[in-house]
Amino acid sequence: MRNSNRQWRLKRRPVGDVKAGDLELVDAPKPVPGKGEMLVRNVYLSLDPTNRIWMSDMEQYMPPVAIGDVMRGGTLGVVEQSNADGFAVGDIVIPGMGGWQDYSIGSASGPFPAQKLPKIPGVPLSTFMSALGFTGATAYFGLLDLGKPQAGETVVVSAAAGAVGQIVGQIAKIKGCRVVGLAGSDDKCRYVVKELGFDACINYRQGDLVSALKRECPKGIDVDFENAGGEILDAVLANINLKARIVVCGLISQYNATGPVPGPYNFANILMKRARVEGFIIIDYVPRFGEFAMQMAQWVMEGKVKDRVDIHDGLENAVTTLANLFTGGNTGKLLVRVSAEP
Ligand SMILES: NC(=O)c1ccc[n+]([C@@H]2O[C@H](COP(=O)([O-])OP(=O)(O)OC[C@H]3O[C@@H](n4cnc5c(N)ncnc54)[C@H](OP(=O)(O)O)[C@@H]3O)[C@@H](O)[C@H]2O)c1
């Protein structure tokens, strides 16, 4: 048990890739829970592409992390002290936005109330940060609410072997679609086809993507679950069907950009094909998480949805571990193990 609380604080806004020195690791006193609060020892820290957005002062969906503040991040942890009704020492919780630190204070109320996790036999804790957490919810609501996939349609998903992408493809298979992934290596493509059951996967770093999509999507693309943007989105737009749905989940190819990025060159196809482009942010769906959790837990327990987690040890390594999201170094959900599971 630690007596202090290591915290990653944002020191300056990164320019381009996040660099050593953009954040600093400081030792702070261990926090003390007040009335209605609990002290949580963080076990897993979620690393997400949106961390890069929060570090910037670009137009975004939440206030950016202020310079000097603890870096924002989702965590899962164990309650070590509780003054909150309904929470006991030893409970496993999502304490709200626990942040990049050893300990956080969870609260039973407020904008991000702590959530007690159930024990599901055979389901590892890390799954609550992956298929059964915000990641799975992003895949679920983005694909089903916005993409509206119909059996027999073709769904394309970029960053297919990543946290969200791996779940999207499996849900689309459950719905009876042809699923084509896009990923940055042959190993990742093998993973989503052989282990997750995607119909095909294209290594987008090799060859002409427009032709490869034409080959793997012989009936055209009905739903694009867009995680990447840039040239990938353009190649997809070149292959969309009438009334296609483009679900804009993320644009990771642009998060490190240092200047304006080009718009899609094939934008005209949205007009020609009467397509719909819609962005979404998962926090808007929090009121509907119950519906998602019931369905996803069932799929996970039945083995219909699998998730790989990519766990790196040590809070001190959080900044270097984050870089994997932008180099393609991760397969599955990227997590930092901050401390041991109870
Ligand atoms: N809208 C929402 O509420 C919401 C919620 C969660 C996530 N997201 C978005 O969903 C996307 C995926 O997030 P995630 O958490 O699941 O991350 P992830 O897919 O596990 O990791 C990111 C992956 O993106 C790929 N990538 C990195 N740079 C790229 C580039 N320049 N071009 C193409 N691909 C690139 C890499 O895979 P390869 O090796 O295959 O290139 C990397 O492994 C992100 O855009 C994220 O912002 C949105």
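Visitor: How do the residues of the shell around the ligand divide into nonpolar, polar and charged?
Guide: The model is a predicted one, and the shell around the ligand can be described by residue class and by the residues that come nearest. Of the 28 residues around the ligand, Val164, Lys188, Tyr204, Ile282 and Asn330 come nearest. Sorted by class, the shell residues are 17 nonpolar, nine polar and two charged.

Visitor: Which domains each supply at least three residues of the shell around the ligand?
Guide: Among the helices, α3 (163-174) and α10 (324-327) each give at least two residues to the shell. At the level of domains, at least three shell residues come from each of domain 1 (4-130 + 308-337) and domain 2 (143-283).

Visitor: What percentage of the ligand's exposed area does the protein bury?
Guide: Polar contacts can be described from both sides of the ligand chemistry, oxygen and nitrogen. A polar backbone atom of Val164 is 2.8 Å from an oxygen atom of the ligand, while a polar side-chain atom of Lys188 lies 2.6 Å from an oxygen atom of the ligand. A nitrogen atom of the ligand, in turn, is 2.8 Å from a backbone N or O atom of Phe280. Taken alone the ligand exposes 920 Å², and the share of this that the protein buries is 89%.

Visitor: Lys188 also belongs to helix α4 (residues 186-195); which exposed residues does the face of α4 turned away from its buried side carry?
Guide: In α4, the buried residues are Lys188, Cys189, Tyr191 and Val192. They lie on the same side of the helix, because the arc they cover around the axis is only 155°. The face turned away from that buried side carries the exposed residues Asp187 and Lys194.

Visitor: In helix α5 (residues 209-216), which residues are buried, and what arc do they cover around the axis?
Guide: An α-helix has 3.6 residues a turn, so residues three or four places apart point the same way. On the other side of α5 from its buried residues, Lys214 and Arg215 are exposed. The buried residues of α5 are Leu209, Ala212, Leu213 and Glu216. These buried residues are put on the same side of α5 because they cover an arc of only 100°.

Visitor: Is Val26 buried or exposed, and what distance separates the C-alpha atoms of Val26 and Val70?
Guide: Val26 lies in strand β2 (residues 23-29). Its relative accessibility is 19%, and because buried means under 20%, Val26 counts as buried. Along the chain Val26 and Val70 are 44 residues apart, and the separation of their C-alpha atoms is 9.6 Å.

Visitor: What distance separates the C-alpha atoms of Ile221 and Lys273?
Guide: Ile221 is part of strand β11 (residues 221-226) and counts as buried, with a relative accessibility of 0%. Although Ile221 and Lys273 are 52 residues apart along the chain, the separation of their C-alpha atoms is 11 Å.

Visitor: Where does Ser130 lie, and what distance separates its C-alpha atom from that of Val164?
Guide: Ser130 is found in the loop between β7 (115-116) and α2 (134-147). Despite this loop position, Ser130 counts as buried, at 0% relative accessibility. Ser130 and Val164 are 34 residues apart along the chain, and their C-alpha atoms are separated by 8.2 Å.

Visitor: Is Ala160 buried or exposed, and what distance separates the C-alpha atoms of Ala160 and Glu341?
Guide: Ala160 lies in the loop between β8 (154-157) and α3, and it is buried, with a relative accessible area of 0%. Ala160 and Glu341 are 181 residues apart along the chain, and the separation of their C-alpha atoms is 28 Å.

Visitor: Lys243 is a residue other than glycine; what is its phi?
Guide: Lys243 belongs to strand β12 (residues 240-248). With a relative accessibility of 55%, Lys243 counts as exposed, because the cut-off for that class is over 50%. Its phi is positive, at a value near 65°.

Visitor: Arg274 is not a glycine either; what is its phi?
Guide: Arg274 has its place in the loop between α7 (268-272) and β13 (276-279). Arg274 is exposed, with a relative accessible area of 53%. Its phi is positive, about 50°.

Key: Residues numbered from 1 in each chain as written. Predicted model: local features only at pLDDT ≥ 70, side-chain atom pairs only at ≥ 80, totals over all residues. Heavy atoms only, no water. Near = heavy atom within 4 Å. Polar contact = N/O pair within 3.5 Å; in protein donor to acceptor, adjacent residues only side chain to side chain. Areas by Shrake-Rupley, 256 points an atom, 1.4 Å probe, with all protein chains shown as cover. Helix = DSSP H or I, 4+ residues; strand = E, 2+ residues; numbered from the N terminus. Nonpolar A, V, L, I, M, F, W, Y, C, P; charged D, E, K, R; others polar. Domains from an automatic or database assignment. Buried < 20%, exposed > 50% of the residue type's maximum accessible area, 1.4 Å probe, protein only. Arc of directions from axis to C-beta.
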